[in-house]
Amino acid sequence: GYESTTDGALQPGEERTVNLAGVPGDATSALIFITSKDATSKGSVRIGRTDKSASAKFRFPRAAMHKAVMLVPVSGGAVRLAASKKPAVSLRVEVLGYGTGASPSTAIALSPRSVFAGSFAAGEIKTYKVANHFGLPKVKKLKAVLLRVQTKKSTADGTVSVYAAGGQPPATRSAPVVANTRYAALVLAPVGADGQIMVTSSVAA
């Protein structure tokens, strides 16, 4: 990702090209979680490649922290940030995933809705159907889902993994489990060929 604390806040009208850590040079798009803070007035930042037709606009309010999930075009593992004319603003960009296709992937925003809830024993695996449910597309059009995974009621630290049905759990954690704490994390999970995802926890939670 990227955080403007290193280079300083983005100034009014400034254009800045930044590398996104974790995004390879052959990527054409990136799914990001962007946070603004300390904005001197409301405004916007265009994020993407050099031309306006290949960028997405992030709007933010004055002073208050604002967050959004966006799909943005990238080139060479980098994006161009172009600030509107009035505010200075600090930005943090976290990379949730990326695409390498000739045509950038399409992300569809939905209002939040519950996909699953329940208790997991350590090592237990559960399967959930997501394609053609919750307002999501059918199997052929659905490649991944962005989930907010919240964990609680665990006496030990651990990891929750979310992955495509029929596949293997990722080598890295999807979401942490923090002992005796309610904790939430965003997870970009691929969807299996049958339209299902699998969820497992390394500890009881």
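At 31% relative accessibility, Leu188 counts as partly exposed, because that value falls between the 20% limit for buried residues and the 50% limit for exposed ones. In this predicted model, Leu188 is part of strand E13, and the protein chain to which that strand belongs has 14 strands and 0 helices. Leaving aside residues up to four places away in sequence, Leu188 touches Leu31, Leu96, Gly97, Ala144, Val145 and Leu146.

**Leu188 and Gly8: separations across the chain**

- The C-alpha atom of Leu188 is 28 Å from that of Ala9, and these two residues are 179 positions apart along the chain.
- A separation of 29 Å is found between the C-alpha atoms of Gly8 and Ala184, which are 176 residues apart in sequence.
- Gly8 sits in the loop between strand E1 (2–3) and strand E2 (15–19), and with a relative accessible area of 24% this glycine is partly exposed.

**Overall architecture**

- Read along the sequence, the secondary structure of the protein chain is β-β-β-β-β-β-β-β-β-β-β-β-β-β.
- For 205 residues, a compact globule would have a radius of gyration near 17 Å, and the 19 Å of the protein chain agrees with this.
- Taken along the principal axes, the box filled by the C-alpha atoms of the protein chain is roughly 50 × 40 × 30 Å.
- Among contacts in the protein chain with a separation of 6 or more, 73% are accounted for by residues 24 or more positions apart.

**Surface and charge**

- Of the 205 residues of the protein chain, 40% count as buried.
- The protein chain exposes about 11,300 Å², and carbon and sulfur atoms supply 51% of this area.
- The side chains of the protein chain include 26 positive and 11 negative ones, with the centres of the two sets lying 10 Å apart.

**Nonpolar cores**

- The largest nonpolar core has 24 residues, of which Ile47, Val72 and Leu81 touch the most other members.
- At least two residues of this core come from each of strand E3 (29–37), strand E4 (43–48), strand E5 (55–60), strand E6 (66–73), strand E7 (78–83) and strand E8 (90–99).
- A second core, separate from the one just described, has 20 residues, and Leu142, Ala175, Val187 and Val191 are among them.
- Val72, one of the three residues that touch the most other members of the largest core, is in contact with Thr28, Ser29, Ala30, Ile32, Ile47, Ala56 and Val79, when residues up to four places away in sequence are not counted.

**Arg49, in the loop between E4 and E5**

- Arg49 lies in the loop that joins E4 and E5, and its relative accessible area of 28% makes this residue partly exposed.
- Not counting residues up to four places away in sequence, Arg49 touches Thr28, Ala54, Pro73, Val74, Ser75 and Arg80.
- The C-alpha atoms of Arg49 and Ala78 are separated by 8.2 Å, although the two residues are 29 positions apart along the chain.

**Ser154, in the loop between E10 and E11**

- Ser154 is found in the loop between strand E10 (144–151) and strand E11 (158–164), yet with a relative accessible area of 2% this serine is buried, since the value is under the 20% limit.
- Apart from neighbours within four places in sequence, Ser154 is in contact with Val177, Ala179, Asn180, Val203, Ala204 and Ala205.

**Positive phi outside glycine**

- Asn180, one of the residues in contact with Ser154, has a phi near 60°, a positive value in a residue other than glycine.
- The loop that holds Asn180 runs between strand E12 (175–177) and strand E13 (183–190), and at a relative accessible area of 67% Asn180 is exposed.
- Asp38 likewise has a phi near 60°, which is a positive value in a residue other than glycine.
- The place of Asp38 is in the loop between E3 and E4, where a relative accessibility of 52% means that Asp38 counts as exposed, the limit being over 50%.

Key. Residues numbered from 1 in each chain as written. Predicted model: local features only at pLDDT ≥ 70, side-chain atom pairs only at ≥ 80, totals over all residues. Heavy atoms only, no water. Helix = DSSP H or I, 4+ residues; strand = E, 2+ residues; numbered from the N terminus. Rg over C-alpha atoms; globule rule 2.2 N^0.38 Å. Buried < 20%, exposed > 50% of the residue type's maximum accessible area, 1.4 Å probe, protein only. Contact = heavy atoms within 4.5 Å. Areas by Shrake-Rupley, 256 points an atom, 1.4 Å probe, with all protein chains shown as cover. Lys, Arg positive; Asp, Glu negative; His and termini not counted. Charge placed at Lys NZ, Arg CZ, Asp CG, Glu CD. Core = buried A, V, L, I, M, F, W, Y, C linked by side-chain atoms within 4.5 Å.
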